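Colleague: Please take a close look at a single residue and its surroundings, and then lead me outward from there to the rest of the model. I would also like to know how far the prediction can be relied on.

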Amino acid sequence: MVFKRSEPARKSGAVPIPVKIVVAGGYAVGKTTFVGSISEIEPLTTEAALTTHSQGVDIAGEAGKTSTTVAMDFGRISLGDDLILYLFGTPGQDRFHFMWDDLVRGAIGAVVLVDTSRLEDCFSAVDYFESAGIPFVVAVNAFFGRIHHSLDDVRDALAIPASVPMMVTDARDRAATKSTLLELVQHALTRASAPA
Amino acid sequence: MNETPREDRLRVRPYALTGGRVRSSTELALETIVRVTSRGETNSHELATERRQICELCSDPTSIVEVSAHLRLPLGVARVLVGDMVTDGFLDCNATPAADQDSRPDLRLLERVLDGLQAL
């Protein structure tokens, strides 16, 4: 049956527009804490089957292959009546990249959360966003207010281009999270307004 | 994050709900926000349980990922069901189909996000 646009809708007002930001990083780096510190709802969890990449294949017929799922936490922030920002916390390992293509499509950009005691955990996320041309910032999560290396050292260690903003953040702190998100959106704006 | 064994939350194999399909005729981004239409409100009692629950949940604007989380449906399943329900006029959405979303949000939208975040 075809939906007729002219059908009188009892609901008034337009359906809000969604925008999204991806929060990536290694295991237990604080992605869900970061999302939860600013989300207006308790972060929710959705599950995607690891076989999602085999689209077009009849999954129901592949018994046993859907036994593994990957959990993704997300939160939301209403920005006025007609705009909702979703924050998606996503696993950083290579084997989850099949999800990222879907996740980053149409995204404002990404925040790569870094734990300086486990720098290598974010290599894969940095590589991904760089090669996909997604605007991203690198935020070093200061556990208990401390970081083990300076931002310059982290930039060198991760070979992050000078054009990519880096900052120290605190995933537990709403103001720090907000400021990190603002940096990302500003960075995306700057990139979007630069001549191609 | 973590990789967990699937819990048996559904009484049927999840993709049985979609007739085994992993794609809907209307391909929507996972953050697409939908809301029940008057047609959906009037006719939801005729629908299968999951679709009826989606109509009820979406009396307020709700994204596909939220449908998935609240109804404990795998994301792929929620996406197919919601896509079908948009096609059938039970739900209304305000998003371009996923296939058209390869580009980033435009300047105007980014500025609104920036202003909105600053005002928090």
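Modeller: Two residues are taken to be in contact if their C-beta atoms, placed from the backbone, lie within 7 Å. Leaving aside neighbours within four places in sequence, Val36(B) is in contact with Glu41(B), Cys55(B), Cys58(B), Ser59(B), Phe90(B) and Leu91(B). This is a predicted model, in which local features need pLDDT of at least 70 and side-chain atom pairs count only at pLDDT 80 or more, while totals for chains, interfaces and linings use all residues. Residues are numbered from 1 along each chain as its sequence is written, and chains are lettered from A and ligands numbered from 1 in the order in which they are written.

Val36(B) belongs to strand 2 (residues 33-36) of chain B, where helices (H or I, at least four residues) and strands (E, at least two) are DSSP runs numbered from the N terminus. One of its contact partners, Cys58(B), is 22 residues away along the chain, yet the two C-alpha atoms are separated by 5.3 Å. Val36(B) is buried because 25 other C-beta atoms lie within 10 Å; a residue needs 20 or more for that label, is exposed with 12 or fewer, and is partly exposed in between.

The chain around this residue has five helices and four strands, and from the N terminus on its elements follow the order β-β-α-α-β-α-α-β-α. Of the 120 residues of chain B, 45% count as buried. Among the contacts in chain B between residues at least 6 apart in sequence, 72% join residues at least 24 apart.

Farther along chain B, Arg72(B) sits in the loop between helix 3 (64-70) and helix 4 (75-87), and it counts as partly exposed because it has 14 C-beta neighbours inside 10 Å. Its phi is positive, about 50°, although it is not a glycine. Most residues other than glycine have a negative phi. In chain A, Ala159(A) also has a positive phi, near 50°; Ala159(A) lies in the loop between helix 4 (151-158) and strand 7 (166-169) of chain A, and with 10 C-beta neighbours inside 10 Å it counts as exposed.

Helix 5 (residues 107-118) of chain B leads on to the other chain. Its twelve residues reach 16 Å from the first C-alpha to the last, close to the 16 Å expected at 1.5 Å a residue, the expected span being 1.5 Å times one less than the number of residues. Leu110(B), Val113(B) and Leu117(B) are buried in helix 5 of chain B. They lie on the same side of this helix because they cover an arc of only 60° around its axis, as judged from the directions from the helix axis to the C-beta atoms. The face turned away from that buried side carries the exposed residues Leu107(B), Arg108(B) and Gln118(B). The cover over the buried residues of helix 5 of chain B includes strand 1, strand 4 and helix 5 of chain A.

Of these covering elements, strand 4 (residues 83-91) of chain A has eight of its nine residues buried. Strand 1 (residues 17-25) of chain A runs parallel to strand 4 of chain A, and nine bridges join them. Within this pairing, Lys20(A) stands opposite Tyr86(A) in strand 4 of chain A.

The largest nonpolar core has 82 residues, and those with the most contacts inside it are Ile21(A), Val23(A), Ala110(A), Val111(A), Val112(A) and Val82(B); such a core is a set of buried Ala, Val, Leu, Ile, Met, Phe, Trp, Tyr and Cys residues joined through C-beta atoms within 7 Å. Its largest share, eight residues, comes from helix 4 of chain B. Not counting residues up to four places away in sequence, Val111(A) touches Ile21(A), Val23(A), Phe136(A), Val137(A), Ala139(A), Thr180(A) and Leu184(A).

As to reliance, the predictor gives the complex an ipTM of 0.83 and a pTM of 0.84. Chain B averages a pLDDT of 84, with 83% of its residues scoring at least 70, where pLDDT is the predictor's confidence in each residue, from 0 to 100. Over residues 1-8 of chain B the pLDDT is below 50, and this stretch has 13 contacts in the model beyond near neighbours in sequence. The mean pLDDT of chain A is 82, and 79% of its residues reach 70 or more. In chain A, pLDDT is below 50 over residues 1-10, a stretch with twelve contacts beyond near neighbours in sequence, and it stays under 50 over residues 51-67, for which the model has 23 contacts beyond four places in sequence. Among the elements of chain A, the mean pLDDT is lowest in helix 2 (residues 97-104), at 80, and highest in helix 5 (residues 174-193), at 96.

Conventions: Pairing = 2+ DSSP bridges.
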